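Visitor: Could you take me through this structure? I would like to start with the domains and then look at single residues.

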Amino acid sequence: MTAQLLRFDAAPKLSVDSLTIADPDGRLILTDISFEVAGGTTVGIVGESGSGKSTLLRTMLGAVHRDLRAEGAVAVDGIPILGAPRSTVARLRREGAAYLGQDPPASLTPSMRVEQLIAERIVERANSQAITEALHAVQLPTDREFRRRRPYQLSGGQQQRLALARALANRSRLLLLDEPTTSLDVVTQAMVLDEIVRQQSGRTTVIVSHDLAVVAQLADWLVVLRDGEIIEQGPFIDVVYRPTSDYLAEIIDACPDLAKKRDQRPPHSALDGHHLASALKVDGLRAAYETRSGRVVAAADVSFDIHPGECVALVGASGSGKSTIARSVIGVHAPEAGTVRLADKLVAPRAADRTQDERRRVQLIAQDPWAALNPRRRVGAALARSVERFRGVSRSQAGKIGLDLFEQVGLHPDLFNRRPDRLSGGERQRVAIAIALAAEPDVLICDESTSALDVSIQAGVLDLLAELQRDLSLGVLFITHDLGVVARIADRVLVLDEGKLCEHGTLSEVFDHPHHEITRHLLASSPSLSATIEDRSPTHIQ
Amino acid sequence: MTTPSLLAPAPARSSRRLDLTAVVAAAILIAVVVLAVFGPWFAPHPAGQTIGRPLANTGADGWLGTDRLGRDVWSQILHGGRRTVIIPLVATLAATVAGDTVGLLAGRHPRNRTLDALLMVIIAMPAMLILLLLLHRFGKSAWVPIAAVVVVAFPYSVRYARSASTKAWGSSFVEQARLRGESNSWILRHEVLPNVAGPVLSDTGLRFTTSVQLVTAASFLGFGPGAPATDWATQISKNLDGASLNLWAIAAPALMIALLTVPANLLADRLAARIEQ
């Protein structure tokens, strides 16, 4: 009966009407959600983690977790999806819709060849012609050799494209995207977004993201979701230009944006002269690491210094060696050559050979707030232990200092005795910062410390770092691929490419007059909400 | 537009409920161990004493009848428990303490293959062969099966504890601990151990069952203690022929073995799950 209906000939209309979803405890996950998407347009759903945006997207595929109870209606092209028979839902997923989730390459079965991965999704006879078309649509090679490859024989970018080609291979006219670029660096993100933009025409698209700057590049209609309720919705440009809710205004402000550079402070050398002691000085660092595919040079003759109270951003694409440099500085990666000086004093390359005081002076806040905390230890105990070891105080005193630090990083004392799994990502990252501060360091190294966080949470953590840097005269080395973040926090910028520092200067020098091509490429790839809005805004808005 | 049906209070969460399985398993296990350890003191008849005609039915002589030598089955169960329960228990504890210690330390060096080679030598030999060889060479003292089980179980405990701890040793929280100058033993106790306690405990339950199996199999094959000493497996093996006359002579000891191993496994799993939470 629905056999012909689920292959939409034109981009389908999508409607959600009074959708309410509750968990078994009666807590509402989505409350009275209603919106419509006209055929061929794109709706962006924006909200932070836990706002119910993924749950909402999945209802459009007829997927509601069996413990949840749903009411209301979701319809694609007039066909009700919510509560539809399984056969209808199965047909929708197979023929009617293309879905791309977080970390798209993870959807590629490693043992399957490119052509098998595509053929699997083709609804009609999966002949060679159809596979060629699917690959061609996302600008992938179509030759026999390429089609026989397996996912691990493709580059990261090719994997991203293949995942998209696979999702679209059923020629569906409904494209559902759930944070498809969240785990990517800016360069890859820009590539994937370009590809999605190219696929948008003739399709109805729904994109869910916490990042307004990403949604800005795609969406015609914006839905802002908070705690399962629609706070605001309307045509994208109108809504973003004149947000009626404080929440949206806050999100817009929190978006890392190249165009919103922090106030420039005079560089330290000019301020204090060259005789000012540097907190950290790295000279001629050479370091490499081994991967399965061979040796990667992470640092080839890298030199830089950081003064007290200064934030230096180390920028580069994924795999450019940023983390290895950080690990060499704290002494857990053995460099091949080069020296590290802390407070103008030469220290041993290995942390184990450094004194406790030398180890204290430089602290690392790791990329992943989930891996950095022992899941079996209460965060307060971990923090107190760090205080005890580095400040040499008694255990009870360490507990008190720990609570003070907790307050300093903006955490509620109630969380002190929790295990990490009962904290949110932003809270964990604050705990990690508190643990680093327990050592009273001169230099704080933040290795992609905020890239796993929602933009609104990230903004809070960045503000905290800026405040600590100012109040405690901390030197900060901020490692990131996100130039929007750099604009918000850095005094000076170092750009790393293939282990070499190819650009070095103050924030405005580097951003306004980039010399190196890599810098220009990174700048061009960074999504800027204000610039996108400027481009897209019709002339009636000045 | 929310309706009352969606806001109805939810049924109690299963995690908050008392874990009935664990409680029942613990009760059975404690009962069996108590019976085994203190049984000989309140057995109606001394070990090996004939009280009536062989293979009498239940009720006539003793409530479980008699075995093929006319001994009270119930008394024999009470006398045979110590060897069946205590030997695997002691052996498992010794093997897991030793094996887990070595495994937890070895987890620091996941690429070291020397230990693997040594363990392989033991693993390559059939467990039963090791046990029978030792029994044959050193006699039927209770220490012989204990030693055999320790030797057989040790490599598996090492490998399990090592693979469970490798991830923790390589984690960034352990790296942090090193950076604040903690000793290896502090890191082992405070950072690594809490992360592997659950899996290791549940593995211990499995090791215990395997040990019981090994020790009872040896007894069943006739390598049990010499009379009048007895154990449950010996009782099964000796009374097999009389199964049609008094089934309880083999069913009772078989049931006791099951009541020992199944709850032990269940309990270990539940405790592990509780630790993981």
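Guide: The following covers the two domains of chain A and then three residues. This is a predicted model in which local features need pLDDT of at least 70 and side-chain atom pairs count only at pLDDT 80 or more, while totals for chains, interfaces and linings use all residues. Residues are numbered from 1 along each chain as its sequence is written, chains are lettered from A and ligands numbered from 1 in the order in which they are written, and side-chain values use heavy atoms, with hydrogens and water left out.

Visitor: Which domains does the assignment give for chain A?

Guide: Domain 1 of chain A covers 14–254, and domain 2 covers 268–379 + 424–429 + 437–525; such bounds come from an automatic or database domain assignment. Their C-alpha centres are 35 Å apart. Eleven residues of domain 1 of chain A and twelve residues of domain 2 of chain A take part in the contact (heavy atoms within 4.5 Å).

Visitor: What is the area buried between them?

Guide: About 1,200 Å² is buried between domain 1 and domain 2 of chain A, with carbon and sulfur atoms giving 56% of it. Buried area is the accessible area (1.4 Å probe) that two parts lose on being put together, summed over both.

Visitor: And how many residue pairs are in polar contact there?

Guide: Between these domains of chain A there is one such pair, both residues being at pLDDT 80 or more. A polar contact is a pair of N or O atoms within 3.5 Å; within protein, one must be able to donate a hydrogen and the other to accept it, and residues adjacent in sequence count only if both atoms are side-chain atoms.

Visitor: Which element gives the most to the domain 1 side?

Guide: On the side of domain 1 of chain A that touches domain 2 of chain A, α7(A) gives the most, with three residues. Helices (H or I, at least four residues) and strands (E, at least two) are DSSP runs, numbered from the N terminus.

Visitor: Changing topic: is B:Thr96 buried or exposed?

Guide: B:Thr96 is buried, because its relative accessibility is 4%. Buried means under 20% relative accessible area, exposed over 50%, partly exposed in between (1.4 Å probe, protein chains only). B:Thr96 lies in helix α3 of chain B, and a polar atom of its side chain is 2.6 Å from the backbone oxygen of B:Thr92.

Visitor: What is the phi of A:Asp301?

Guide: A:Asp301 has a positive phi of about 60 degrees, although it is not a glycine. Most residues other than glycine have a negative phi. A:Asp301 is in strand β12 of chain A and is exposed at 54%.

Visitor: Where is A:Ser473 found?

Guide: A:Ser473 is in the loop between α17 and β18 of chain A. Its phi is also positive, near 55 degrees, and A:Ser473 is partly exposed at 42% relative accessibility.
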